Amino acid sequence: MSKECVVFISSTNEDLKEYREAARDAAIEAGFRPVMMEYFAASGGPPFKECLAKVTPCDVLVVIVAHRYGWVPPDQPGGQTKSITWLECEHAESTGKKVLAFLVDKKV
């Protein structure tokens, strides 16, 4: 029995809903299980740590980058001001996961 591949889908949400849906559908069609913020339940924990905890068990991270910087978690260590998308990518790389980046064409 082969292990199910789990794909974390990261991006800003409001401006990239269609792209996120397309990434989710492509992951499912390829036989992968997508993990994305739309599936998260409120946990009451610190957003920064809770979000990165969702990245940890995944096999790969797909990031969709476009025109917005995105949400900056206030509970980052050392007073950093990175977006959650940036932090998710850094966390994935630091735990040995591949990060596949897709850039949205500015003309679209």
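1. Secondary structure. In this predicted model, the protein chain contains 3 helices and 4 strands. Read from the N terminus, the elements follow the order β-α-β-α-β-α-β. Strand β1 covers residues 6-10 and helix α1 covers residues 17-29. Strand β2 takes in residues 33-35. Further along, strand β3 spans residues 60-65 and helix α3 spans residues 84-94.

2. Burial and surface. Of the 108 residues in the protein chain, 34% are buried. The accessible surface of the chain amounts to about 6,900 Å². Carbon and sulfur atoms contribute 58% of that surface.

3. Contacts along the sequence. Among the contacts in the protein chain with a separation of 6 or more, 71% are between residues 24 or more positions apart. The salt bridges discussed below include pairs that join distant parts of the chain, R68 and D15 being one of them.

4. Cysteines. How many disulfides does the structure hold? The number is 0. A disulfide is a covalent bond between the sulfur atoms of two cysteines. For C58, the closest cysteine sulfur belongs to C5 and lies 8.9 Å away, so the two are too far apart for a bond. The cut-off for a disulfide is 2.5 Å between the sulfur atoms. C58 is buried, having a relative accessible area of 4%. C51 is also a buried residue, with a relative accessible area of 10%.

5. Salt bridges in general. Side chains of opposite charge can pair when their charged atoms come close. The structure has 4 salt bridges, and points 6 to 8 describe pairs from this set.

6. The pair R33 and E4. A salt bridge joins R33 to E4, with 3.1 Å between the closest N and O atoms. Which parts of the chain does this pair tie together? R33 belongs to strand β2, whereas E4 is in the segment before β1; the pair therefore ties together parts that are 29 residues apart in sequence. R33 is partly exposed at a relative accessible area of 39%, and E4 is likewise partly exposed at 44%.

7. The pair R68 and D15. The side chains of R68 and D15 also form a salt bridge, the N to O distance being 3.5 Å. Here the link is between two loops: R68 is in the loop between β3 and α3, and D15 is in the loop between β1 and α1. The two residues are 53 residues apart, and the pair links distant parts of the chain. R68 counts as partly exposed with 43% relative accessibility. D15 counts as partly exposed with 29%.

8. The pair D25 and R24. A further salt bridge is found between the side chains of D25 and R24, at 2.9 Å from N to O. Is D25 buried or partly exposed? D25 has a relative accessible area of 39% and is partly exposed. R24, at 23% relative accessibility, is partly exposed as well. The limit for a buried residue is under 20%, so R24 does not count as buried.

9. The surroundings of T85. T85 is placed in helix α3. With a relative accessible area of 11%, T85 is a buried residue. Which residues does T85 contact, leaving aside its neighbours within four places in sequence? They are S10, S11, T12 and V63. Of these, S10 falls within the range of strand β1, residues 6-10, and V63 falls within that of strand β3, residues 60-65.

Notes:
Residues numbered from 1 in each chain as written. Predicted model: local features only at pLDDT ≥ 70, side-chain atom pairs only at ≥ 80, totals over all residues. Heavy atoms only, no water. Buried < 20%, exposed > 50% of the residue type's maximum accessible area, 1.4 Å probe, protein only. Contact = heavy atoms within 4.5 Å. Areas by Shrake-Rupley, 256 points an atom, 1.4 Å probe, with all protein chains shown as cover.
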